[in-house]
Amino acid sequence: PTFRFPDTNTRALMDLQTNFFPGALGSTTHFCGIPRAVTWAFKLCRPFMNAEAYNNMKLRPDYSHLAGKHAATECLLPLWGGTFDFDLDEYVEWRAKEEGVEVCPRGQGRRFDP
């Protein structure tokens, strides 16, 4: 077998981005918290991607580069170097009350069976 990367469908997707969303090529896209293997996989795609789109991707293993420069610290969770205090359980409880839905305590509900 020969090396055929990317396949026709993947190449068509990359061309779709170029043709229908040209503004996306000039904007910066941040992929944060990704393992090095994923970074390596993106490097394999480089010859097949639009050069501007590839050069505007920021592949980082953590979120430290976001604070201050790309996002306000009050919009980032403490885990990512910010000060935004968010509790998912508190939000779900508030949202359920707003919608008039009763929510059982975490871990005490029944599992979803399709």
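Biologist: Which residues make the nonpolar surface patch of about 730 Å²?

Modeller: This is a predicted model, where local features need pLDDT of at least 70, side-chain atom pairs count only at 80 or more, and totals for chains, interfaces and linings use all residues. Residues are numbered from 1 along each chain as its sequence is written, and side-chain values use heavy atoms, without hydrogens and water. A patch takes residues with over 30% relative accessible area (Shrake-Rupley, 1.4 Å probe, only the protein chains shown as cover) and no salt bridge (Lys or Arg side-chain nitrogen within 4 Å of an Asp or Glu carboxyl oxygen), joining nonpolar side chains within 5 Å and like charges within 9 Å. Here the members are Phe 84, Phe 86, Leu 88, Tyr 91, Val 92, Trp 94, Val 101 and Val 103.

Biologist: Why does Phe 86 count as partly exposed?

Modeller: Phe 86 lies in the loop between strand 2 (57-60) and helix 5 (88-99); helices (H or I, at least four residues) and strands (E, at least two) are DSSP runs numbered from the N terminus. Buried means under 20% relative accessible area and exposed over 50%, with partly exposed in between. Phe 86 is partly exposed because its relative accessibility is 43%.

Biologist: Which residues form the largest nonpolar core?

Modeller: Buried residues make up 15% of the 114 in the protein. A core joins buried Ala, Val, Leu, Ile, Met, Phe, Trp, Tyr and Cys through side-chain atoms within 4.5 Å. The largest has five residues: Met 14, Cys 45, Met 49, Tyr 54 and Met 57.

Biologist: What is Met 57 in contact with, leaving aside neighbours within four places in sequence?

Modeller: Contact means heavy atoms within 4.5 Å. With those neighbours set aside, Met 57 touches Thr 29, Phe 31, Phe 42 and Met 49.

Methods: Buried < 20%, exposed > 50% of the residue type's maximum accessible area, 1.4 Å probe, protein only.
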